[in-house]
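Biologist: Before I read anything into this model, I would like a close look at one part of it, the disulfide, and then at the packing of the helices around the rest of the chain. Could you take me through it in one connected account?

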Amino acid sequence: MELLLLLATMILLALAAMGRFRMLGAEADRLLKNFRQTAAPQYRCLMAFLMQWDAPSPKLQHKADKLETLINRALSEPLKGNDLIMLDNQILSEIKVLVKDAEMPCSDQAAEALRKEYNLAAVKYNHAVFLFPSNVFALVFGYKKKLLFQTDPQPKHQDLINAG
């Protein structure tokens, strides 16, 4: 009898954890889908900037060519999830190398706001997946960590704690 009660409790905990994972994951996925649509104009603006930009050195021209390839991939391929985040992070870090201390070209407040909103949702999801005891169920059922967008400035540790 006690074994059945323990088993029933474990099943209820697993169902509750999976429901929470799905709910938090769906919110992050919705924001990521909205981000893809919002970021496209920023990517096109960066492409136009690169076509007009005169690189001061061959090394920077090589970086600009690499950046054009990344932006074309972001605009043409139907990337999802972590692939989209990794590509966006790479694009933003490459453009920062090119412009150094100058003002970031084509900054888009809507895309930046979605990056931050997604990061908060992803942090909540990651906390649910990696904190005990729900991490046991996440491991068993294959829930994995969601990557975060690089944002500028980096989120403060306290902001991440408050998000969880």
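Modeller: In this predicted model, Cys 45 and Cys 106 form a disulfide, with their sulfur atoms 2.1 Å apart, and the structure holds 1 disulfide. The pair links distant parts of the chain, since Cys 45 belongs to helix α1 whereas Cys 106 sits in the loop between α3 and α4, 61 residues apart. The torsion about the S-S bond of Cys 45 and Cys 106 is about -75°, so the disulfide is left-handed. As for the surroundings of the two cysteines, Cys 45 is partly exposed, with a relative accessible area of 34%, while Cys 106, at 17% relative accessibility, counts as buried because the cut-off is under 20%.

Turning from the disulfide to the interior, the largest nonpolar core has 30 residues, and those that touch the most other members are Phe 35, Tyr 43, Leu 67, Ile 71, Ile 91, Leu 98 and Tyr 118. At least two residues of this core come from each of α1 (2-52), α2 (58-76), α3 (81-99) and α4 (109-130), and α1 gives the most, with 9 residues. Tyr 118, leaving aside residues up to four places away in sequence, touches Ala 28, Leu 31, Leu 32, Ile 85, Lys 146, Leu 147 and Phe 149. Apart from this core lies another, of 11 residues, among them Ala 14, Tyr 125, Ala 128 and Ala 138.

Ala 14 and Ala 138 also appear where α1 meets α5. The axes of α1 and helix α5 (residues 134-141) come within 9 Å and cross at roughly 80°, which makes α1 roughly perpendicular to α5. On the side of α1 the contact is made by Met 10, Leu 13, Ala 14, Ala 17, Met 18 and Phe 21, and on the side of α5 by Ser 134, Phe 137, Ala 138 and Phe 141. By character, the residues of this contact between α1 and α5 divide into 9 nonpolar, 1 polar and no charged.

A charged residue in helix α3 deserves a separate word, namely Glu 94. Glu 94 is buried, with a relative accessible area of 8%, and, not counting residues up to four places away in sequence, Glu 94 touches Lys 63, Lys 66, Leu 67 and Leu 70. Of these contacts, Leu 67 is also one of the residues that touch the most other members of the largest nonpolar core.

Notes: Residues are numbered from 1 along each chain as its sequence is written. This is a predicted model: local features need pLDDT of at least 70, side-chain atom pairs count only at pLDDT 80 or more; totals for chains, interfaces and linings use all residues. Side-chain values use heavy atoms; hydrogens and water are left out. A nonpolar core is a set of buried Ala, Val, Leu, Ile, Met, Phe, Trp, Tyr and Cys residues joined through side-chain atoms within 4.5 Å. Buried means under 20% relative accessible area, exposed over 50%, partly exposed in between (1.4 Å probe, protein chains only). Helices (H or I, at least four residues) and strands (E, at least two) are DSSP runs, numbered from the N terminus. Contact means heavy atoms within 4.5 Å. Axes are lines fitted to C-alpha atoms, for helices over the stretch in contact, and angles run from 0 to 180 degrees between N-to-C directions. Angles under 35 degrees count as roughly parallel, over 145 as roughly antiparallel, 65 to 115 as roughly perpendicular and the rest as oblique. A disulfide is a pair of cysteine sulfur atoms within 2.5 Å.
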